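This report walks through a single protein chain, residue by residue and then as a whole. Keep the sequence and the structure at hand.

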Amino acid sequence: MYDRIVVGIANRSTARAAAEHALGLARSTGATVHLVYAITEGEGTEVDDARRHAAGLVGSLALSHSQAIETHVVAGRPDMATLDVAPQMGADRLVAGTQR
């Protein structure tokens, strides 16, 4: 059904829930999950923090899931970053976390 699922992560508190949902879909379809972590341009030093957070999230998820996970840390608005990465990866499905 799905080969590539792109999940947008804009808020750290919702990142794991969105990724878990995407991984659940991937488990049933054998898809690769692409995590897109958007950084607002001009945040400079936060790019490294975001990369570390994404790597930590992937590491902890990899311990409990066997699906392939790839990360993409990109500059820009979260919604636009996810929409930019999705066609580049040939996404079959998009999953997004929400901000409250």
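## Val95 and strand β4

Val95 sits in strand β4, which covers residues 93-96. The model is predicted. Val95 has a relative accessible area of 8%. It is therefore buried, since the cut-off is under 20%.

Which residues does Val95 touch, apart from neighbours within four places in sequence? The partners are Ile5, Val6, Val7, Gly8, Ala18, His21, Ala22 and Leu25. Val6 lies 89 residues away from Val95 in sequence. In space, the C-alpha atoms of Val95 and Val6 are 6.2 Å apart.

## Ala18 in helix α1

Ala18 belongs to helix α1, residues 12-29. Its relative accessibility is 6%, so Ala18 counts as buried. Beyond four places in sequence, Ala18 is in contact with Val7, Gly8, Val95, Ala96 and Gly97.

The pair Ala18 and Val95 spans 77 residues along the chain. Their C-alpha atoms are separated by 6.7 Å.

## Ile5 in strand β1

Ile5 is part of strand β1. Is Ile5 buried or exposed? With a relative accessible area of 0%, Ile5 is buried.

Ile5 has contacts on several stretches of the chain once neighbours within four places are set aside. They are Ala22, Leu25, Ala26, Ala31, Thr32, Val33, His34, Arg93 and Val95. Leu94 is 89 residues from Ile5 along the chain, with a C-alpha separation of 5.9 Å.

## Helix α3: Thr82, Leu83 and Met89

Thr82 lies in helix α3. It counts as buried because its relative accessibility is 10%, and the cut-off for burial is 20%. Leaving aside neighbours within four places in sequence, Thr82 meets Val6, Gly8, Val36 and Leu94.

Leu83 is also a helix α3 residue. Its relative accessible area is 47%, so Leu83 is partly exposed. Leu83 joins Met80 and Leu94 in a nonpolar surface patch of about 260 Å².

Met89 is found in helix α3 as well. At a relative accessible area of 22%, Met89 is partly exposed. Its contacts, again without neighbours up to four places away, are Arg4, Val6, His34 and His72. Arg4 and Met89 are 85 residues apart in sequence. Their C-alpha atoms are 7.2 Å apart.

## Nonpolar cores

The largest nonpolar core holds 23 residues. Which of its residues have the most contacts inside it? They are Ile5, Val7, Val33, Leu35 and Tyr37. Five elements are listed as giving two or more residues to this core: β1 (4-9), α1, β2 (32-39), α2 and β3 (69-75). Helix α1 gives the most, with seven residues.

A second core is separate and has six residues. Among them are Val6, Val36, Val85 and Ala86. Val6 and Val36 are also contacts of Thr82.

## Overall fold and surface

How many helices and strands does the protein have? There are three helices and four strands. Read from the N terminus, the order is β-α-β-α-β-α-β. Of contacts between residues at least 6 apart in sequence, 76% join residues at least 24 apart.

The protein has 100 residues, and 39% of them are buried. The exposed area is about 5,600 Å². Carbon and sulfur atoms supply 50% of that area.

## Confidence

The average pLDDT of the protein is 80. A score of at least 70 is reached by 85% of the residues.

Where is confidence lowest, and where is it highest? The lowest mean, 73, belongs to helix α2 (residues 46-64). The highest, 90, belongs to helix α3 (residues 78-89). Thr82, Leu83 and Met89 all lie in helix α3.

Definitions and conventions. Residues are numbered from 1 along each chain as its sequence is written. This is a predicted model: local features need pLDDT of at least 70, side-chain atom pairs count only at pLDDT 80 or more; totals for chains, interfaces and linings use all residues. Side-chain values use heavy atoms; hydrogens and water are left out. pLDDT is the predictor's confidence in each residue, from 0 to 100. Patches are made of residues with over 30% relative accessible area and no salt bridge: like charges are joined within 9 Å, nonpolar side chains (Val, Leu, Ile, Met, Phe, Trp, Tyr) within 5 Å. Accessible areas come from the Shrake-Rupley method with a 1.4 Å probe; for residues, only the protein chains shown count as cover. A salt bridge is a side-chain nitrogen of Lys or Arg within 4 Å of a carboxyl oxygen of Asp or Glu. Buried means under 20% relative accessible area, exposed over 50%, partly exposed in between (1.4 Å probe, protein chains only). Contact means heavy atoms within 4.5 Å. A nonpolar core is a set of buried Ala, Val, Leu, Ile, Met, Phe, Trp, Tyr and Cys residues joined through side-chain atoms within 4.5 Å.
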